[in-house]
Amino acid sequence: MAKTYRLAVLPGDGIGPEVTREAVETLRLVGEIRGFTLQLTTYPFGAEHYLKTKEAFSASALEEMRGQDAILLGAIGDPRLPVGMLERAIISGIRFGLDLYVNLRPIKLYAADLCPLKGKTPEHIDMIVVRENTEDVYAGIGGFLKKGTADEVAVQEMIFTRKGVERVIRYAFDLARARAKAKKVTLVDKANAVGAMDLWTRAFEEVGHEYSDIARDHAYIDAACMWMVKNPESFDTIVVSNMFGDILTDLGAAVQGGMGIAASGNIHPGKVSMFEPIHGSAPKHAGKNVASPIGAILAAQMLLQYLGETEGAELIEDSVAELFATGKLKSAGTDSGVGTREQGDWIRQSARRRASTPT
Ligand code: IPM
Ligand code: MG
């Protein structure tokens, strides 16, 4: 009997639904080719749902997701609602609720002409960021005193736990070992200014000693941004705290061609994990068939990789790379000249052709 994967799908807001549709159709096609089927549960969470029901997210949905094989999310966020309200409820709700402690973000240049940096080619840009995903200023420890008065105080704590830091560092070393690249992990932090980050320094040294085959490297976050632009080839695997990782990976997305094409996995090894493009809901581009579906399609590719469908994942990645190689797209953004739908169709046709061509 064909294998069935149960997926929770949250298309979300803005361009979320249209890019998610391309990702889901691509997964279905790969299923046809590789012999698996999908059983989808689609959740309506997002601005429309909230405005209708006043429900941002639900505990019972989270419990249902725990029993699925993986989660695919499009994008969340809407200017009609208070800043960050839905993002915290849904995105952070899933990341924290399912303890998805790794935010895995590959930064890979698929074609030289996508890169805004002079003289950089795919061989220079192929790294992966392991962003801690459950602590730091995202942990929600903070608040206001005398809110709205002239004496207002606002506090948000940067929380790091030894267990939380150690487990994500260990994941990065294991990943560097599995990647056939430079076998190097770079710790990115701000320990020179943020004293608490000494915990990262010590945990990195201690865990690193268990991995004698993997080189240890270090960069402060400000310098890491500079190196990302100047010498991206110096990075292989990066491990970084939550907020610095958030910032560094938008820079990484730009270096690989744009926000529209970068993907991520929110992972707890061995447990149900969530995959999403790293771009937001981009409300002004919604419904115009101009958003790049590639971030979402590559999120689907990461999802398959996570489920162990390695050949299917490769099929998607090779087809995306082929689309870029054709030079059909004027850019990887909304001004690519090829529609959301048409890019998705093109990628699926390529996957179909690859699958039917005997090697
Ligand atoms: C990301 C996003 C989120 C984050 C926002 C939407 C809360 O920027 O996934 O990178 O800060 O983690
Ligand atoms: Mg971000």
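**Exercise 1. Find where Glu 233 sits and how open it is to solvent.**

Let's start with accessibility: Glu 233 is partly exposed, because its relative accessibility is 32%. Keep in mind as you work that this model is predicted. Next, place the residue in the fold: Glu 233 belongs to the loop between α7 (221-230) and β10 (237-240). Finally, compare sequence with space. Lys 120 is 113 residues away from Glu 233 in sequence, yet their C-alpha atoms are 8.9 Å apart.

**Exercise 2. Describe the surroundings of ligand 1 and its polar contacts.**

Begin with the shell. Ligand 1 is surrounded by Glu 87, Arg 95, Arg 105, Arg 131, Tyr 138 and Asp 246. Now sort these residues by class: five are charged, one is nonpolar and none is polar.

Then look for polar contacts from side chains to oxygen atoms of the ligand:

- Arg 95 has a side-chain N or O atom 2.7 Å from an oxygen atom of ligand 1.
- Arg 131 places a polar side-chain atom 2.8 Å from an oxygen atom of ligand 1.
- Asp 246 has a side-chain N or O atom 2.8 Å from an oxygen atom of ligand 1.

As a last step, check the cover. On its own, ligand 1 has 320 Å² of accessible area, and the protein covers 74% of that.

**Exercise 3. Work out which parts of the chain are tied together by the salt bridge of Arg 179.**

First, find the partner: the side chain of Arg 179 forms a salt bridge with that of Asp 126, at 3.7 Å from N to O. This distance passes the test, because the cut-off for a salt bridge is 4 Å. Second, locate both ends. Arg 179 is in the loop between α5 (162-178) and β8 (184-189), while Asp 126 is in strand β5 (residues 126-132), so the bridge ties together parts that lie 53 residues apart in sequence. Third, compare their accessibility: Arg 179 is buried at 16%, whereas Asp 126 is partly exposed at 23%.

**Exercise 4. Do the same for Glu 205 and for Glu 322.**

Take Glu 205 to begin with. Its side chain meets that of Arg 216 in a salt bridge of 3.3 Å, N to O. The two are eleven residues apart, with Glu 205 in helix α6 (residues 198-208) and Arg 216 in strand β9 (residues 215-220). Glu 205 is partly exposed at 35%, and Arg 216 is partly exposed at 32%.

Now turn to Glu 322, whose side chain pairs with Arg 354 at 2.7 Å, N to O. This pair links helix α10 to helix α11 (residues 340-356) across 32 residues. Glu 322 is partly exposed, with 23% relative accessibility, and Arg 354 is partly exposed at 31%.

To put these pairs in context, the model has 30 salt bridges in total. Some join into a network, which links Arg 21, Glu 22, Glu 25, Arg 341, Asp 345 and Arg 348.

**Exercise 5. Contrast Ser 319 with Val 155.**

Ser 319 lies in helix α10 (residues 310-326). Ser 319 counts as buried because its relative accessibility is 0%. Its side chain does have a partner, reaching the backbone nitrogen of Ala 351 at 3.4 Å.

Val 155 is in strand β7 (residues 153-156) and is partly exposed, with a relative accessible area of 36%. Together with Leu 145 and Val 153, Val 155 makes a nonpolar surface patch of about 220 Å². Val 155 can belong to such a patch because its 36% passes the required relative accessible area of over 30%.

Terms used: Residues numbered from 1 in each chain as written. Chains lettered and ligands numbered in written order. Predicted model: local features only at pLDDT ≥ 70, side-chain atom pairs only at ≥ 80, totals over all residues. Heavy atoms only, no water. Patch = residues over 30% accessible without salt bridge, like charges linked within 9 Å, V, L, I, M, F, W, Y side chains within 5 Å. Areas by Shrake-Rupley, 256 points an atom, 1.4 Å probe, with all protein chains shown as cover. Helix = DSSP H or I, 4+ residues; strand = E, 2+ residues; numbered from the N terminus. Buried < 20%, exposed > 50% of the residue type's maximum accessible area, 1.4 Å probe, protein only. Near = heavy atom within 4 Å. Polar contact = N/O pair within 3.5 Å; in protein donor to acceptor, adjacent residues only side chain to side chain. Nonpolar A, V, L, I, M, F, W, Y, C, P; charged D, E, K, R; others polar.
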